[in-house]
Amino acid sequence: MATYSKNGVKKEIIGKLRRHFSRDVAEATREQVYQACALVIRDALTDRMIYTQNELNEQGGRQVHYLCMEFLVGRSLRSNAFNLSMQEALEGALADLGYEAQDIFAEEEDPGLGNGGLGRLAACYMDSMATIGIHGNGYSIRYENGNFRQKIENGVQVELPSSWLDTGAVWQISAMDDVREVRIGGAVNSIWQDGKLTVEHVEYTPVLAVPYDMPISGYHTDNVARLRLWQAKSPIALDMQAFSQGDYLGAVEKVAMAESISKVLYPEDNHLAGQSLRLKQQYFLVSATAQDICARHKAHYGTLENFAEKNVLHINDTHPALVIPELMRILMDEEGMGWDGAWHIVSQSVAYTNHTVTPESLECWPTDLVQAHMPRIMMILAEINERYCQELWNYFPGDFERISSLAIIADGQVRMANLAIVGSFSVNGVSALHSDILKERVFADQYHIYPAKFRNVTNGIALRRWLCEANPELTSLIASKIGNGFISHPSELQVLRNFGGDAVLLRDLAAVKRRNKERLAAYIKEHNHIEVNLDSIFDVQAKRLHGYKRQLLNIIHVVDMYHFIKNNPHVSVVPRTVIFASKASPNDTMAKRTIQLMLSVAHQVNRDPDMEGKLKIIFLEDYRVSLAELIMPAAELSEQISVAGREASGTGNMKFMMSGALTIGTMDGANVEICQAVGSENIFIFGMGAEEAQSLAASGEYYARDYYNTNPALKEALDHIRRGFDDGEEYNDIVSALIDGGPGKTDHFMVCRDYESYGLAQERVDQMYRRPENWNYMSLVNIANSGRFAADRSVAEYAQNIWRVHTSFAY
Ligand code: 26W
């Protein structure tokens with residue numbers, strides 16, 4: 001590990017400013033200073049990345065290729081400086097140059113290459129792979145427009161483009177010598193030659209995949225992982241044939257079509273839009289990636305026969321599942337292997353993680369779309385399906401219905417989950433509960449056929465980013481008690497449990513929380529122009545807006561609290577600041593209406609003098625990684641209130657916990673394991689369990705209106721919401737969708753069913769908050785037990801149980 005001095009770093013920054021921007025410090029803009037700092041760090045990282053790649057190649061171990069349509073990496077400058085132990089030198093250098101480091105860090109636009117949990121998890125895992133010494137390569141798409149920027153205008157969400165490349169490109173190095181060609185569309189001619197079938201792909205549209213490499217640093221190590229992002233480029237600048245015929249539009253159209261593939265990230269999270277461009281994106285990613293991995297492997301070993309021994313391709317959710325037929329294509333069509341040999345290699349090198357069980361996100365693609373865009377892949381899929389259905393016959397003889405439900409191709413659709421399971425050697429869920437649901441329900445038949453494939457790896461988060469960088473004061477406080485070993489070995493946080501009786505520590509903990517609350521309050525003041533009460537509970541729900549996550553449950557309860565305070569002006573209440581931060585998918589009307597409802601409620605509550613000091617509602621615009629880094633450390637109550645059985649894991653729950661927030665939540669996803677870790681007395685659990693929720697939904701007899709009729713507080717809140725608020729907005733649509741239909745027809749996520757129990761849990765929260773020493777103790781217990789939710793542990797489990805690669809990290 002190199003060490004860095006303030007003066008050395010300063011000299012380098014000055015040099016970069018001169019050489020790259022022809023500016024002296026005095027004339028440079030803040031953005032140029034940011035760029036210069038990034039270049040200094042990038043140099044250090046690139047050297048290490050090359051070294052890491054060479055070193056690990058030499059060792060000849062198995063490489064992990066992590067394929068994901070999303071990588072929500074967050075800002076890079078500070079985190080790389082931190083990981084390289086350069087942060088102090090950098091901050092000192094910037095101070096000498098007259099800059100506040102925080103301001104320079106804030107120059108970096110969040111690279112929004114993801115929507116939510118899936119993408120953020122991928123980024124956390126890259127950090128851990130680099131840190132614990134795994135030869136990790138991430139593969140994704142270099143979307144020119146990442147996730148949209150959210151603005152609230154007149155109470156509604158509007159979407160704006162984000163230009164992350166202006167400040168993000170500096171972290172990427174293009175590798176023009178590794179450009180791959182992806183072939184879209186066209187037709188396939190099958191030719192029998194010398195008793196062998198050869199195929200010829202003709203009339204396709206070639207699209208170049210240009211790689212941009214982002215070095216991802218590990219903590220306290222020279223190891224650097226590589227995230228390769230593909231950008232689509234047309235091989236021709238202009239269609240000269242069309243051009244010379246005077247068809248000028250036609251001449252550029254082809255180019256634009258090819259390049260549209262990497263233009264934009266689909267903003268749908270947990271919801272299938274099914275557009276053909278998305279399918280092209282998926283194939284573009286997997287084709288470029290599979291070619292890349294094969295070419296590199298072959299360059300090193302001279303053969304692909306030992307491919308599975310040396311490579312594992314991890315597919316995140318089913319989005320990259322076409323890598324299975326694409327690898328088959330390469331091995332057969334380009335390498336001349338037979339079907340069985342190729343299938344053995346493919347199915348021994350691909351591993352699949354499922355990240356969601358919401359029915360509307362299980363991917364299916366119309367066969368004619370697949371046929372049109374990738375005809376050779378469709379042929380291979382048909383063959384995989386044919387062979388698989390024959391195998392199924394042995395397991396379920398005569399059971400046509402079951403066989404067709406398990407088939408990869410049926411009813412004119414390619415079912416990506418079935419493909420992913422058949423073509424992988426490992427299938428895992430992302431929390432214990434979720435993995436059980438996969439085995440028992442969603443993939444029960446597949447589990448019957450391949451019991452040994454199924455595993456669990458509970459998600460984890462990057463402790464360095466979410467604790468050390470986001471919450472430096474808490475980090476120092478912890479280190480002052482237990483040393484800083486926990487930064488590399490998160491399980492050491494357990495030692496904090498010994499300090500439960502240390503009244504000074506508990507007070508210090510509260511003081512750190514208070515200062516983090518002040519930081520967030522200042523942000524709220526600046527952005528929302530609202531003054532919040534620092535003595536109130538900072539009660540936060542920050543995550544994508546989705547019906548199953550039940551932001552509605554929370555906001556109905558807020559209206560209920562509002563009524564209570566209105567009707568009982570002299571009763572002392574525990575003051576609350578309820579904070580929401582959430583993006584809705586642009587075409588999810590209900591989600592957008594829910595945001596509007598939050599804003600209407602906020603509008604009324606925040607202006608009502610009776611609420612002064614007691615209740616405030618804050619909606620924080622444009623939720624993104626950098627905002628999460630400000631929110632998590634300041635939160636005291638973490639809302640994890642999905643209907644049980646729907647949230648595969650959740651990772652926000654872990655980030656809040658690690659910063660000492662207490663969870664109010666259902667027994668869903670990783671909440672179950674959080675509850676086990678901290679003990680049920682240190683968490684506020686409410687509502688139905690997953691089994692109960694499942695059988696109630698399946699019964700078709702759930703009748704939300706019964707709850708409305710029998711719970712006066714719920715009735716009053718819903719009536720109010722239906723009537724509307726003093727901004728003139730009424731919400732008949734939302735309330736109607738909850739209670740105006742017959743049994744089994746409304747309130748899909750059973751908000752009304754869990755309402756009472758949620759309210760009681762919130763009362764327990766209030767009671768506990770009145771006893772700060774108890775609250776602080778609970779907070780300590782949460783921090784102490786958060787180590788098992790560090791990504792280092794998750795990645796080590798992947799390494800040992802799935803990837804079978806060596807790591808020296810022991811949890
Ligand atoms: C095809 C549309 C689409 C897009 C994204 C379907 C599904 C997705 C993702 C898989 C949704 C997602 O991000 N799932 C989240 O994954 C996290 C990481 O494992 C979990 O913690 C969350 O519970 C899960 O919702």
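# Strands, helices and the ligand site in a predicted model

Strand S18 (residues 537–542) and strand S19 (residues 576–581) run parallel to one another and are joined by 6 bridges. The structure is a predicted model. Within this pair, Ile537 has Arg576 of S19 as its bridge partner. S18 is mostly covered, with 6 of its 6 residues buried. Ile537, Asp539 and Gln541 point one way from the strand, Phe538, Val540 and Ala542 point the other way, and all are buried.

Arg550 sits in the loop between S18 and helix H23 (551–567). Its phi is positive, about 60°, although Arg550 is not a glycine. Most residues other than glycine have a negative phi. With a relative accessibility of 1%, Arg550 counts as buried. Arg804 also departs from the usual sign: its phi is positive, about 55°, and Arg804 is not a glycine. This residue lies in the segment after helix H34 (791–803). Is Arg804 buried or exposed? At 56% relative accessibility, Arg804 counts as exposed, because the cut-off for that class is over 50%.

## Antiparallel strands

Strand S3 (residues 149–153) pairs with strand S4 (residues 156–160) in the antiparallel sense, over 5 bridges. Ile152 stands opposite Gln157 in S4. The hairpin formed by S3 and S4 has 2 residues between the strands, and Asn154 in this hairpin takes a positive phi near 50°.

A further antiparallel arrangement is an open sheet of 3 strands in the order S13-S15-S14. Its edge strands are strand S13 (364–366) and strand S14 (409–410), each of which pairs on one side only. S14 is joined to strand S15 (residues 413–415) by 2 bridges, and the two run antiparallel. In this pairing Ala410 stands opposite Gln413 in S15.

## The ligand site

How many residues surround the ligand? The count is 22, and the closest are Leu118, His355, Asn459, Glu647 and Gly650. Helix H6 (residues 117–131) gives the largest share of this shell, 3 residues.

Oxygen atoms of the ligand lie at short listed distances from polar protein atoms, as the table sets out.

| Residue | Protein atom | Distance to a ligand oxygen atom |
|---|---|---|
| Asn459 | polar side-chain atom | 2.9 Å |
| Ser649 | polar backbone atom | 3.0 Å |
| Tyr548 | N or O atom in the side chain | 3.2 Å |

The ligand taken alone exposes 580 Å², and the protein buries 97% of that area.

## Covered helices and a loop residue

Helix H13 (residues 339–349) has Trp339, Ala342, Trp343, Ile345, Val346, Ser347 and Ser349 as its buried residues. The cover over these residues comes from several elements. Among them are helix H11 (307–310), helix H12 (323–334), helix H15 (375–395) and helix H17 (416–422). Strand S11 (311–316) and strand S12 (350–353) are also included in the cover.

Helix H25 (residues 625–634) is mostly covered, with 10 of its 10 residues buried. The buried residues of H25 include the polar or charged Ser626 and Glu629 alongside Val625, Leu627, Ala628, Leu630, Ile631, Met632, Pro633 and Ala634.

Asn711 occupies the loop between helix H29 (704–710) and helix H30 (712–723). Its relative accessible area is 16%, so Asn711 counts as buried under the 20% cut-off. A polar atom of the Asn711 side chain lies 3.2 Å from the backbone nitrogen of Ala713. Apart from neighbours within four places in sequence, Asn711 is in contact with Tyr755 and Glu756.

## Cysteines

How many disulfides does the model contain? The count comes to 0. Cys124 is in no disulfide, and the nearest cysteine sulfur, that of Cys68, is 12 Å away. A disulfide would need the two sulfur atoms to be within 2.5 Å, so this pair does not qualify. Cys124 is buried, with a relative accessible area of 1%. Cys752 is buried as well, with a relative accessible area of 2%.

Conventions. Residues numbered from 1 in each chain as written. Predicted model: local features only at pLDDT ≥ 70, side-chain atom pairs only at ≥ 80, totals over all residues. Heavy atoms only, no water. Pairing = 2+ DSSP bridges. Helix = DSSP H or I, 4+ residues; strand = E, 2+ residues; numbered from the N terminus. Buried < 20%, exposed > 50% of the residue type's maximum accessible area, 1.4 Å probe, protein only. Contact = heavy atoms within 4.5 Å. Near = heavy atom within 4 Å. Polar contact = N/O pair within 3.5 Å; in protein donor to acceptor, adjacent residues only side chain to side chain. Areas by Shrake-Rupley, 256 points an atom, 1.4 Å probe, with all protein chains shown as cover.
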